[in-house]
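Trainee: I am new to this structure and would like to look closely at a single part of it. Could you take me through that part slowly, and then show me how it sits in the rest of the chain?

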Amino acid sequence: MHQYADDIQIYTYTTTDDAAVAVDCFAACLTDVEAWLRANRLRLNPTKTQVMWLGSSQQLAKLDITHVRVLSSCVAVQDTARDLGVVIDSQLSLSAHVTAVCRSGYYQLRQLRQAVRSLSEDASKTLVQAFVSCGLDYTATSCSSASRKD
């Protein structure tokens, strides 16, 4: 388990054969975490809880558990989750993160089009280069900070 200011992450390892047992252990752990939070006047929000299986495509194909009971609600197993700005997919391929970064970058570049029209060519080049460098630097920083969490 990892705890941050407003974020708790619980990880467990299991084989595909013991996935149901792992889900039961996970539910028991969440009950204990929720009791501790309640004792400290805090609250676990099941609507913001995400569950994701990690593994190879062959391992994930063997799993038939698509929903996990989290306290009084049922949470669907996700294929992706955002963690410290990095989109993690169930196979840890980073393809979902690359797609999200490219989508955001293209959107921001289209927004710069209006500003570029009123700038000189050199100023426009500097603005676009600064934007791209900043985006790449942020992506590299968020990816490395996510890997440092482990």
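Mentor: Ser124 has its place in helix H4, and since this is a predicted model, what follows describes that model. With a relative accessible area of 10%, Ser124 falls under the 20% cut-off and is therefore buried. If its neighbours within four places in sequence are left aside, the residues in contact with Ser124 are Val116 and Leu119. Arg113 lies 11 residues from Ser124 along the chain, and the C-alpha atoms of these two residues are separated by 9.3 Å.

Helix H4 also holds Val128, which, with a relative accessible area of 31%, is partly exposed, whereas Ser124 is buried. Val128 joins Tyr106, Leu109 and Val132 in making a nonpolar surface patch of about 330 Å². Two or more residues of that patch come from helix H3, which covers residues 95-116, and two or more come from helix H4, which covers residues 121-148.

From here we can turn to another helix, H1, which runs over residues 19-39. At 1.5 Å a residue, the 21 residues of H1 should span 30 Å, and because its end C-alpha atoms are 30 Å apart, the model agrees with that expectation. The buried residues of H1 are Ala19, Ala22, Val23, Phe26, Leu30, Val33, Glu34 and Leu37. These buried residues cover an arc of only 115 degrees around the axis, so they lie on the same side of H1. Among the elements that cover them are strand E2 (7-9), strand E3 (51-52) and strand E4 (67-70), while the face of H1 turned away from this buried side carries the exposed residues Val21, Asp24, Asp32 and Ala39. After H1 comes Arg41, whose phi is positive, near 60 degrees.

For the wider setting, the protein chain contains 4 helices and 7 strands, and, read along the sequence, these elements follow the pattern β-β-α-β-α-β-β-β-β-α-α. Of its 150 residues, 25% count as buried, and Ser124, where we began, is a buried residue. The chain exposes about 10800 Å², of which carbon and sulfur atoms supply 54%. Finally, if we consider the contacts between residues at least 6 apart in sequence, 56% of them join residues at least 24 apart.

Methods
Residues numbered from 1 in each chain as written. Predicted model: local features only at pLDDT ≥ 70, side-chain atom pairs only at ≥ 80, totals over all residues. Heavy atoms only, no water. Buried < 20%, exposed > 50% of the residue type's maximum accessible area, 1.4 Å probe, protein only. Contact = heavy atoms within 4.5 Å. Areas by Shrake-Rupley, 256 points an atom, 1.4 Å probe, with all protein chains shown as cover. Expected span 1.5 Å × (residues − 1). Arc of directions from axis to C-beta. Patch = residues over 30% accessible without salt bridge, like charges linked within 9 Å, V, L, I, M, F, W, Y side chains within 5 Å. Salt bridge = Lys/Arg side-chain N within 4 Å of Asp/Glu carboxyl O.
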